[in-house]
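Visitor: I'm new to this, so could you walk me through the protein on the screen?
Guide: Sure, ask away once the picture is up.

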Amino acid sequence: MPNILYPIEWAVAWIMVLFHRFLDLFMDGSSGWTWLLSIVGLTIVVRTLITPLFIRQIRSSRAMQAVSPQLKAVQKKYKGKTDQASRQAMSEETMAIYREAGANPLSSCLPLVLQMPIFFALFRVLFYKLKDAANGEAFGPLTHDLASNAYHATLFGHVTIADSFLNSGAGGIGTKIVAGVIIALMCLGNFITQKELTMRNMPPSALEGPMASTQKMMIYMLPFIYVITGPGLPIGVLTYMLTTTVWTMAQQAIVVYTYPTPGSPAEASHQKRINAKREKNGLEPLDFTPKKPVVVDDDAPIRVQPKANKGGKKMTDAERLEAAREARRKAQEERRARNQDGGEKSSDQSGKKPSNALNKGKKRKR
């Protein structure tokens, strides 16, 4: 069976070797720290390349939150309807809302999905290819000498980047301690990131209902996954995951600080910082209270007088209702037009002479 990850494994090996050559200019090339920092460089390259997807994820998340009231209205509309036609209509209306808002529920998964092949490729390079190349089977840029150098380079005592918690090798208890510390740091970083995203960067309305309960549960469940999967992974792969966690935490903190979700506690803090800065510069504070738009309720009850058509035929209830709505629309348009005309006339007359009636009064007094 062909190895579909071979091109990614080859690219991962090349990036590691290139970073190792660069670090070898001012570090010891045979040190495990040099190879560990090469994996950190690999992680930075990967996360930089997928930054546009992260920006797309943020925009899609904002759009999803903006259309949340509309989605709830659609769910309420079809609540209790289990027939096939109702389900299809609900699905079509939901997708139409997503299209109009430019939201994509799958955008949040794209960065993770694209990193998974790189993660597995790095695992295979450190767990299999590095050992095989050290024994004489070169792989891409990993020649026998270079692979042997990487495979036997140590960090703390006898800990290498290919050792793991379950397969500690010559490092023994030292390998288990290093792996345990990295796993604990990953759990802590993931917990902080998820809590900041859920509790500070989401509006109170999004923290209600079954979906909110699931999100709160994921805050504690996601870090626990590292406790299960981490012990079997090499130190080098754990370093890649820890660097990714730190990058995500920093990236998320920047977004929450500078571009918070509307209606969230993070946005309230952002607005306070803006007004504090304006007050320091001697400027008036800004009013961030959202303006309530005037909504005309076309479904409001309308009083309809029974009338007949021009031909003498009595109008149906639907026809009378539509005629009343049309009359109300026209009346609203005429009222708006009169208000606009009145405003323009008052502004035009502000600089003119008094009216003729006042002039006539003055003439009579004379």
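Visitor: Which residue with a positive phi follows α11?
Guide: Quick background: this is a predicted model, where local features need pLDDT of at least 70, side-chain atom pairs count only at pLDDT 80 or more, and totals for chains, interfaces and linings use all residues. Residues are numbered from 1 along each chain as its sequence is written, and side-chain values use heavy atoms, leaving out hydrogens and water. Helices (DSSP runs of H or I, at least four residues) and strands (runs of E, at least two) are numbered from the N terminus. The phi here is positive, near 80°, and the residue that follows α11 is Gly282.

Visitor: How many helices does the protein chain have?
Guide: Strands won't trouble you, as the count for them is zero. Read along the sequence, the pattern is just α after α. The number of helices is 13.

Visitor: What percentage of the residues in the protein chain is buried?
Guide: Buried means under 20% relative accessible area, exposed means over 50%, and partly exposed is in between (1.4 Å probe, protein chains only). The protein chain has 366 residues, and the buried share is 31%.

Visitor: How far does α11 reach from its first C-alpha to its last?
Guide: α11 covers residues 265–280, which is 16 residues. The expected span of a helix is 1.5 Å times one less than its number of residues. For α11 that expectation is 22 Å, and the reach in the model is close to it, at 23 Å.

Visitor: Which helices are among those covering the buried residues of α11?
Guide: The buried residues of α11 are Ala266, Gln271 and Asn275. Contact means heavy atoms within 4.5 Å. What covers those buried residues includes α8 and α10.

Visitor: Which residue caps the N-terminal end of α2?
Guide: α2 has 18 residues, and its end C-alpha atoms are 26 Å apart, which agrees with the expected span. For the cap, think of a polar contact: a pair of N or O atoms within 3.5 Å, where within protein one must be able to donate a hydrogen and the other to accept it, and residues adjacent in sequence count only if both atoms are side-chain atoms. Here a side-chain oxygen lies 3.2 Å from the backbone nitrogen of Trp33, and that oxygen belongs to Ser31.

Visitor: Is Asp24 buried, exposed or partly exposed, and what is its relative accessible area?
Guide: Asp24 lies in the loop between α1 (6–23) and α2 (32–49). A polar atom of the Asp24 side chain lies 3.2 Å from the backbone nitrogen of Gly29. Asp24 counts as partly exposed because its relative accessible area is 40%.

Visitor: Why does Ser168 count as buried?
Guide: Ser168 lies in the loop between α7 (144–152) and α8 (173–200). Leaving aside neighbours within four places in sequence, Ser168 is in contact with Asp163, Thr175 and Lys176. Ser168 counts as buried because its relative accessibility is 13%.

Visitor: Which helix gives the most to the largest nonpolar core?
Guide: A nonpolar core is a set of buried Ala, Val, Leu, Ile, Met, Phe, Trp, Tyr and Cys residues joined through side-chain atoms within 4.5 Å. The largest one has 42 residues, and Leu122, Leu142 and Met241 touch the most other members. α1, α2, α6, α7, α8 and α10 each supply at least two residues of this core. With ten residues, the helix that gives the most is α6.
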